[in-house]
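Welcome, and thanks for opening the viewer. Keep your selection tool at hand, and we will walk through this model one stop at a time.

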Amino acid sequence: MFVVNYNPKTHGETQQVIVKGDQNTVALTDLKPGTEYVVTLMALQGTARTEPLVGSVTTAISREEAVTPHPYGRTTVPVSMIIEASVPEFSGSGDGQVSNLTVSKVTSNAIELSWMAETGSYDYFIIKYRSELGAEDETEFSMPGDVLTSELKGLSPSTPYKITLSGISGGRLSEPLSIIAATESLDNTTAHSPSTEIAKPENFVVTNVTSTSFQLSWAAQSGAFDSFLLTIKDVNGLGRPLRISHQADQHTADVTGLVPGTDYKIDLYGIVQGQLSKPLTEITRTESELDNLAVSDVTSGSFRLSWTAEGRFENFVIEITDSDGLFKPLTYTLPGDQHSMDIPDLPAATDYEISIYGIIHGQPTKPLHTEAHTEAEPEVDHLTTSEVTSNGFKLSWTTDDNPFDYFNVRVRDSKKEFPPLDYTLSGDLRTTDIQGLQDGTEYEISLVGVTNGRQSQPINTIAITGITLFLRIYALTFSYRP
């Protein structure tokens, strides 16, 4: 077979293509326009390989790129080149340095590597690999110095991996060699149709569910499987499916980076000699990132709700019911970017049960709950009049223990022949004199106490001013005539 490595001359990772031995051309696609590439070609036959052929080629600038600017910057247009090779002559190993790190075989969950080094030059080799998608931690292992091949197992399908090889000699590390190789997709692996002849794993469970992760575990008999494959899909089809491969001795998986409040379908396959078992399936929902539901600014007729939320919520739904079930439940639907609300027009001195949940992809999240109690209204009572005269009277009242900011008093004649009189009195007062009224007139008096913006229920009374009496004395003169 042939191995083609290529990379931009100035920067960029090396890409690799494996070509069958009966072909002598290959097309390299998805290249950057107007870029010079260094291309290396090598042939492999058994353990022998040719000296690499090295050349360079510059891709053309696409007409679309030259004419139409991309709204987000430079446009990457698929560009291709064709590499042609003649029948190679094979030679032995290299010059003592680690060289020619190549991929000799790729499946959906494994990559076979080979490299060249002079016998006895190295004590051992270190291989590191990591997914270029950033979904997995870097894995590192070592190989004896006389071994020039290795297989990476338990990889994820359709995933590019960066692979680095270094030699260790006398405690000194050689210059590392790096390549990027991608595993095949399940669709391109003909042996990966589920088979009823393969036993399934057992006891597949989902635990430790959070808003962005969950843990999977399962059981299997020792040696029954070569590896396991997990596929994780958003039930609504909005996210990119995840595929995670595990070695045969691994029976747990931590799945992270998920969307809050989302239903996921999880399939677990056992793999034996490239064949998939029938899957075990679970469906679970991640928790919502809805938190810190709090009540504040409580009055006798209202309170304020606030909460925190992370992620993209379409709406929030608030439901409020009084604990005794005496009033009609209240429901509010709010936009997903609103995180507080004032709840008005509530009965005083009442216990309330409150719940809130978010809507994501049309589905409700797990609700949050809290309670609230509206304050009692400030009370004033026993409004009375005394010391009534023809043009006024004394007004007095009582209150509860709450301190009052002020009182509003309105005095108006019952027949409404005169404009009403309004008084604002200090909250410390409990009596006042009302003067300047009409004599012999019935008046309606109303008083309201105000504290912290809350008003008491008004109290009322009636008073009639006295009648002014005028006493006129006439002097009479009498005369007597005998």
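Begin by selecting Thr465 and Thr441: a polar atom of the Thr465 side chain lies 2.9 Å from the backbone nitrogen of Thr441. Please keep in mind throughout that this is a predicted model.

Stay with Thr465 and add Gln438, whose backbone oxygen is reached by the Thr465 side chain at 2.5 Å. In the chain, Thr465 sits in the segment that follows strand S40 (459-464). Is Thr465 buried or exposed? With a relative accessibility of 3%, under the 20% cut-off, Thr465 counts as buried. To see what surrounds it, show the residues in contact with Thr465 beyond four places in sequence: Val388, Thr389, Ser390, Gly392, Leu437, Gln438, Asp439, Gly440, Thr441 and Tyr443.

Next, jump to another threonine, Thr374, in the loop between S32 and strand S33 (380-389). Thr374 is buried, and its relative accessible area is 0%. Which backbone nitrogens should you look for here? Select Ala349, whose backbone nitrogen is 3.1 Å from a polar side-chain atom of Thr374, and then Thr350, where the corresponding distance from the backbone nitrogen is 2.9 Å. Now draw a C-alpha to C-alpha distance from Thr374 to Val298: the two are 6.2 Å apart in space, with their positions 76 residues apart in sequence. Val298 is one of the contacts of Thr374 outside its four-place neighbourhood, and others on that list include Ser300, Phe303, Leu346, Pro347 and Tyr352.

Phe303 leads to the next stop. Together with Trp307, Ile318 and Ile320, Phe303 touches the most other members of the largest nonpolar core, which has 21 residues. To frame this core, colour the elements that each give it two or more residues: strands S25 (290-296), S26 (303-309), S27 (315-322), S28 (330-335), S29 (340-343), S30 (351-360) and S32 (368-373). Then centre on Ile320 and display its contacts beyond four places in sequence: Phe303, Leu305, Pro329, Leu330, Tyr332, Ile343, Tyr352, Glu353 and Ile354. For a second, separate core, select Val103, Tyr129, Leu155 and Ile179, which are among its 19 residues.

Time for some rings. The structure holds 13 aromatic pairs. Pick Phe214 and Tyr264: their ring centres are 6.2 Å apart and their planes meet at 65°, so this pair is edge-to-face. The pair joins distant parts of the chain, as Phe214 belongs to strand S18 (residues 214-219) and Tyr264 to strand S22 (residues 263-272), 50 residues apart. Both partners are buried: Phe214 has a relative accessible area of 2%, and Tyr264 has one of 7%. Before leaving the rings, select Phe204, Trp218, Phe225 and Phe228, which form one aromatic cluster.

Finally, zoom out and switch to a cartoon. How many helices and strands are there in the protein? You should find one helix and 40 strands. Of the 482 residues, 38% count as buried. Turn on the surface, and you are looking at about 27,900 Å² of exposed area, 48% of it supplied by carbon and sulfur atoms. Among contacts between residues at least 6 apart in sequence, 60% join residues at least 24 apart.

Conventions
Residues numbered from 1 in each chain as written. Predicted model: local features only at pLDDT ≥ 70, side-chain atom pairs only at ≥ 80, totals over all residues. Heavy atoms only, no water. Core = buried A, V, L, I, M, F, W, Y, C linked by side-chain atoms within 4.5 Å. Buried < 20%, exposed > 50% of the residue type's maximum accessible area, 1.4 Å probe, protein only. Helix = DSSP H or I, 4+ residues; strand = E, 2+ residues; numbered from the N terminus. Contact = heavy atoms within 4.5 Å. Polar contact = N/O pair within 3.5 Å; in protein donor to acceptor, adjacent residues only side chain to side chain. Areas by Shrake-Rupley, 256 points an atom, 1.4 Å probe, with all protein chains shown as cover. Phe/Tyr/Trp six-rings, centres within 6.5 Å; stacked < 30°, edge-to-face > 60°.
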